[in-house]
Amino acid sequence: MPLYEYRCDACGERFEVLQRMGDGADGLTCPHCGGDAVARQLSTFASTAGGSGGGGFGASGGGCGPGAFT
Ligand SMILES: [Zn+2]
């Protein structure tokens, strides 16, 4: 059974509900204020804010070192 995220239009509370696929928001109420003006949010299980860190390569200086060719 998928987990859906809802948001209350009245108070902005977000909550998750286990529902059968295809079930709507009928009968759902906000656990915070009890209002029934709730709207399903897009699935957010991929929303880990990993932070775009790490340039990685840095200044590793190319292959052409200070070759002593002369
Ligand atoms: Zn609410």
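This note reviews the strand pairing and one loop residue of a predicted model.

1. Basis. The model is predicted: local features need pLDDT of at least 70, side-chain atom pairs count only at pLDDT 80 or more, and totals for chains, interfaces and linings use all residues. Residue numbers start from 1 along each chain as its sequence is written.

2. Sheet. Three strands (DSSP runs of E, at least two residues, numbered from the N terminus) form an open sheet in the order E2-E1-E3, with antiparallel pairing. Strands E2 (14–18) and E3 (38–40) are the edges, each pairing on one side only. On average, neighbouring strands are turned by 35° against each other, direction ignored; the axes are lines fitted to C-alpha atoms.

3. Pairing. Two strands count as paired if DSSP finds at least two bridges between them. E1 (residues 3–8) is joined to E3 by three bridges, antiparallel, and E1 pairs with E2 over five bridges, also antiparallel. Arg7 has Ala39 as its bridge partner in E3 and stands opposite Arg14 in E2.

4. Hairpin. E1 and E2 form a hairpin with five residues between them, and Gly12 in the turn has a positive phi of about 85°.

5. Glu13. This residue lies in the loop between E1 and E2. Glu13 counts as partly exposed because it has 15 C-beta neighbours inside 10 Å; 20 or more would make a residue buried, and 12 or fewer exposed, with C-beta atoms placed from the backbone. Leaving aside neighbours within four places in sequence, Glu13 is in contact (C-beta atoms within 7 Å) with Cys8, Cys30, Pro31, His32 and Cys33. Glu13 and Val38 are 25 residues apart in sequence, with a C-alpha to C-alpha distance of 9.1 Å.

Note on methods:
Helix = DSSP H or I, 4+ residues; strand = E, 2+ residues; numbered from the N terminus. Axes fitted to C-alpha atoms, helices over the stretch in contact; angles between N-to-C directions. Contact = placed C-beta atoms within 7 Å.
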